[in-house]
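Here's a quick briefing to read alongside the model. Have the viewer open, and we'll go topic by topic.

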Amino acid sequence: MPVRTADMVEKVRASRVWRSVFRSGTGNSTLHRALAIQQNIFLHLFATKVRKRMVRFSATWYLGTLTLGTFLILIITGILLMLYYHPSVPQAYADMKDLQFVVSSVHRWSAQLMVFLVFAHMFKVFYRGAYRTPREFNWVIGVVLLIITLLLSYTGYLLPWDQLAFWAITVGSNLSSAVPLVGNKIHFLLLGGNQVNANALLRFYVLHCVVLPLAAILFIAVHFWRIRKDSGLYVQQSEPRTKQAKDPARATTEVK
Ligand code: HEM
């Protein structure tokens, strides 16, 4: 008798090994589905139930999701670039020249797209009024994500080590000296000295490839967890519609 795939899947799911990892059981009921989300370390950041109106394209234009998409592309292409690029003065420019026709272009375009999308997402959230109570905290987390996104772009700018990068970072880092009292210290800390040189290149590399991406991942996780805690995505309350009953005294109100 041929073995059916569904039976095999069911058998695996009922096995002791599977149950030791996924503890929500094998049923298809609403409870089982909710448990599957709640008991998974990644999925539990998301809500167990969503309203259809929340996930319609018109609600968010999926701009936050698209921002996340570009971020994932940047992580993948960034890891590939790290396999070939050397953050050292003699090699950085030559490495970029070698790489610029392949991964580097996808990385660069995705970075520009991410900056555009993050702003578009922010404006869409603002336009819908989705920043209001109880979502103020998530708005603040969003602002942190915006700053991290811009810092990622800024630190990545130096890595090609060409003329444009060198002078743009020289001008940009000089701006930090203008901060009252601690300006010079920030400038020194950022560049690892007083000039844009090998130390600065290494610092920007570490910030760009390790510190800022980890911070972004952390805050994105908090961002998603907050959406769940704020009862899912914001949906505009429609006006209560009055159903005209035969007996006007028994008119019912219906909220969609
Ligand atoms: C790396 C940057 C960001 C990522 C990956 C991200 C991701 C997301 C995603 C996936 C959603 C679900 C709705 C959707 O798909 O649009 C969302 C919602 C939200 N985001 Fe972002 N976001 C980012 C930056 C921001 C910024 C800059 C702000 C505002 C300053 C912001 C504020 C919010 C708020 C308030 C919500 C909840 C909206 C609602 O309830 O309808 N986010 N974000």
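**Briefing**

Trp 61 counts as partly exposed, because 14 other C-beta atoms sit within 10 Å and that falls between the limits of 12 or fewer for exposed and 20 or more for buried. Keep in mind that this is a predicted model. The protein chain comes to 11 helices and 2 strands, and a shell of 27 residues surrounds the ligand.

**The turn after helix 4**

- Trp 61 is placed in the loop that runs between helix 4 (57-60) and helix 5.
- Its backbone is worth a look: Trp 61 has a positive phi of about 55 degrees, although it is not a glycine.
- Tyr 62 lies in that loop between helix 4 and helix 5 too, and Tyr 62 also has a positive phi of about 55 degrees without being a glycine.
- Tyr 62 is classed as partly exposed because it has 16 C-beta neighbours inside 10 Å.

**Around the ligand**

- Which residues come nearest to the ligand? They are Thr 60, Gly 64, Ala 130, Gly 142 and Tyr 234, out of the 27 residues around it.
- Four helices each put at least two residues into the shell: helix 5 (63-82), helix 7 (103-128), helix 8 (136-158) and helix 11 (198-229).
- Helix 8 gives the most to that shell, with 7 residues.
- Sorted by class, the shell around the ligand has 17 nonpolar, 9 polar and 1 charged residues.

**Thr 67 in helix 5**

- Thr 67 has its place in helix 5.
- Is Thr 67 buried or exposed? Thr 67 is buried, because 23 other C-beta atoms lie within 10 Å and the cut-off for buried is 20 or more.
- Setting aside neighbours within four places in sequence, Thr 67 is in contact with Met 114, Leu 117, Val 118 and His 121.
- From Thr 67 to Gly 192 it's 125 residues in sequence and 32 Å in space, C-alpha to C-alpha.

**Nonpolar cores**

- The largest nonpolar core has 13 residues, and those with the most contacts inside it are Leu 158, Leu 159, Ala 200, Leu 201 and Phe 204.
- Helix 9 and helix 11 each supply at least two residues of this core, and helix 11 gives the most to it, with 5 residues.
- Ala 200, not counting neighbours within four places in sequence, is in contact with Leu 158, Ile 169, Leu 191 and Gly 192.
- Apart from this core there is another one, of 11 residues, which includes Ala 111, Ile 148, Leu 212 and Ala 216.

**Two other loops**

- Thr 133 and Pro 134 are joined by a cis peptide bond, with omega at about 5 degrees.
- Pro 134 belongs to the loop between helix 7 and helix 8.
- Ser 177 is found in the loop between helix 9 (163-176) and helix 10 (183-191).
- Ser 177 counts as partly exposed because it has 15 C-beta neighbours inside 10 Å.
- Beyond residues up to four places away in sequence, Ser 177 touches Gly 183, Asn 184 and His 187.
- Ser 177 and His 187 are 10 residues apart in sequence, and their C-alpha atoms are 5.6 Å apart in space.

**The whole chain**

- Going along the sequence, the pattern is α-α-α-α-α-α-α-α-α-α-α-β-β.
- The C-alpha atoms fill a box of roughly 80 × 65 × 35 Å along the principal axes.
- The protein chain has a radius of gyration of 25 Å, whereas a compact globule of 256 residues would have one near 18 Å.
- Buried residues make up 19% of the 256 residues.
- Of the contacts with a separation of 6 or more, 61% are between residues 24 or more positions apart.

**How far to trust it**

- The protein chain averages a pLDDT of 88, and 91% of the residues score at least 70.
- Where is confidence lowest, and where is it highest? It is lowest in strand 2 (residues 252-254), at a mean of 43, and highest in helix 8, at 97.
- Over residues 251-256 the pLDDT is below 50, and this stretch has 14 contacts in the model beyond near neighbours in sequence.

Notes:
Residues are numbered from 1 along each chain as its sequence is written. This is a predicted model: local features need pLDDT of at least 70, side-chain atom pairs count only at pLDDT 80 or more; totals for chains, interfaces and linings use all residues. A residue is near a molecule or strand if its C-beta atom, placed from the backbone, lies within 6 Å of it. Ala, Val, Leu, Ile, Met, Phe, Trp, Tyr, Cys and Pro count as nonpolar, Asp, Glu, Lys and Arg as charged, and the others, Gly among them, as polar. Two residues are in contact if their C-beta atoms, placed from the backbone, lie within 7 Å. The radius of gyration is taken over C-alpha atoms; the globule rule is 2.2 Å times the number of residues to the power 0.38. A nonpolar core is a set of buried Ala, Val, Leu, Ile, Met, Phe, Trp, Tyr and Cys residues joined through C-beta atoms within 7 Å. pLDDT is the predictor's confidence in each residue, from 0 to 100.
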